[in-house]
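Reader: Before I rely on any label attached to this model, I would like to see the value and the criterion behind it. Could we go through them in turn?

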Protein chains: 2
Amino acid sequence: MADNRPIGVFDSGIGGLTVLREIWDLMPGEGTVYFGDNGRAPYGTKSKSTVIKYSLQNMHFLEQQDVKMIVIACNTASAHAYKALSEKSDVPVIEVVTPGARCAAGTTRNGKIGIIATKGSVNSGVYKEAVERFAAPGTKIYQQACPLFVSLAEEGWWDNEVTSLVCSRYLTPLKEAGIDTLVLGCTHYPLLSGAIRKFMGDGVTLINAGKAVAQVVRETLEENGLSCGGTQEPLRRFYTSDEPELFEEVASPFLGRGLPSGTLKYNTDRFDV
Amino acid sequence: MADNRPIGVFDSGIGGLTVLREIWDLMPGEGTVYFGDNGRAPYGTKSKSTVIKYSLQNMHFLEQQDVKMIVIACNTASAHAYKALSEKSDVPVIEVVTPGARCAAGTTRNGKIGIIATKGSVNSGVYKEAVERFAAPGTKIYQQACPLFVSLAEEGWWDNEVTSLVCSRYLTPLKEAGIDTLVLGCTHYPLLSGAIRKFMGDGVTLINAGKAVAQVVRETLEENGLSCGGTQEPLRRFYTSDEPELFEEVASPFLGRGLPSGTLKYNTDRFDV
């Protein structure tokens, strides 16, 4: 039995598009409805209670679009709100922390793993706990909040001298600790991976959870008999809580291509939260 | 006749506290109710329609606190929403763009004025128009959006090597243009004034509109017979749309002192927008 309902994906804004592109690449037949809460972004500096409140609203909006699954494509929302959302949802809820954590635990050879994320994610401790769950006993975990990275990614300063200097400020403790694996624990950070790799050196593996999340999405669809038939032209719909024009202006580098456009089916609509 | 109702002040978050402190210093007897929309901050990257919507909500909330005046202590909200708010308000509405613009026009000697602000403020053109309204004919105006400055101010990196480098990136065109006056057109920027001054040199006067705004507040209160009696202990109330604890953590450097606390009258409450 094929289930041709779309997958619902939300993020605080555009960062989750780095997850969406991996879902498209792995499951080109699946339809998707993406909601970016640009009107209230970013989430990384906001409190747990606020992020839970917004995430529940976002999920309810996606449920109204008749989605068969909810993907929380935002690390901060995953860290703070996954439990609340999975308790209240009738469809499977996927978060982005666990896939990245499992991947990091399976990658490290020297048992020293770094995690970089927003203040909210770091302070929640959720990422550290997730890595500990999968890692060998004795694995050392080093966390670092990197608040400036989001602004650098959105400013398009992916690899200039400012970015190098900020990398040096934030990442020196992780480098000195001798980590060999670094989790990019925020969906904005993959855009800075060139600068991060340059600073950390080739001996450090960067973990971008996007691909691992897409795998979990596929497995969960299959296990629950929710995969699509694969013959339809898949839905590619976007909603944002700020102006659609603003969304389209900044989306391309995150999505790795322009937003699909030209027909009503591929539009970017405004949803007032 | 004394009017002992408080003055209502709002900002997207904490930046407006740099205006509030000037109001307190100039009019120590006036009560104030401050609302920081931290749950949806920042405004500088959001669209005009969204900023107007949020600003109207913030104003209505302050009106419910029985304020005698509304101060829009946020440059982006002033640029986008002043017109909408002043049309709908029963009490005087004060914005922060005009006082800074007038001050800059009266300060320049060589007729070259720089304006640094958020993307939203710069794109609105409101700042440029305001300076043109007060400046001598032929005055040259140079605008520059400085999106990273807000993150640097909130990260506490007010004057380090990253800040110097970012100043150099953003401000070199203004320096090369030979401006002698620079408007700090965002309430976060006064925290970076040390680094900005160091880069621009002593020949450039930095305009922080806070003091000029407080003057306009006083004049407007007097003209409308709204000044307080001055014998009461003034109200100092704070509201935020995120967790009060988070507000208090980041507020002090902007306010220049700790939040007044210890009594119910001086509390920080949450208001869900």
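Author: We can begin where the chains meet: 18 residues of chain A are in contact with 18 residues of chain B, a contact being a pair of residues whose C-beta atoms, placed from the backbone, lie within 7 Å. This is a predicted model, in which local features need pLDDT of at least 70 and side-chain atom pairs count only at pLDDT 80 or more, while totals for chains, interfaces and linings use all residues. Residues are numbered from 1 along each chain as its sequence is written, and chains are lettered from A and ligands numbered from 1 in the order in which they are written.

Reader: Which elements of chain A give two or more residues to the side that touches chain B?

Author: They are α2 (48-64), α7 (148-155) and α8 (161-177) of chain A, where helices are DSSP runs of H or I with at least four residues, numbered from the N terminus. Of these, α8(A) gives the most, with 5 residues.

Reader: How do you know that the copies meet through the same surface?

Author: Because 100% of the interface residues of chain A are also interface residues in chain B, the copies meet through the same surface.

Reader: What makes the relation between the chains that of a two-fold axis?

Author: Chain A can be laid on chain B with an RMSD of 0.0 Å by a turn of 180° and a shift of 0.0 Å along the axis, and that is the relation of a two-fold axis. The superposition is by least squares on the C-alpha atoms of residues with pLDDT of at least 70 in both copies. Of the residues of chain A, A:R40 comes closest to the rotation axis, at 2.2 Å (C-alpha).

Reader: Why is chain A called as compact as a globular protein of its length?

Author: Chain A has 11 helices and 10 strands, a strand being a DSSP run of E with at least two residues. Its radius of gyration, taken over C-alpha atoms, is 18 Å, close to the 19 Å that the globule rule gives for 273 residues, so chain A is as compact as a globular protein of that length. The globule rule is 2.2 Å times the number of residues to the power 0.38.

Reader: How many residues of domain 1 of chain A are in contact with domain 2 of chain A?

Author: Chain A is divided into domain 1 (7-95 + 211-270) and domain 2 (97-208), with bounds from an automatic or database domain assignment. Here 26 residues of domain 1 of chain A are in contact with 23 residues of domain 2 of chain A, and α3(A) gives the most to the domain 1 side, with 5 residues.

How values were computed: Contact = placed C-beta atoms within 7 Å.
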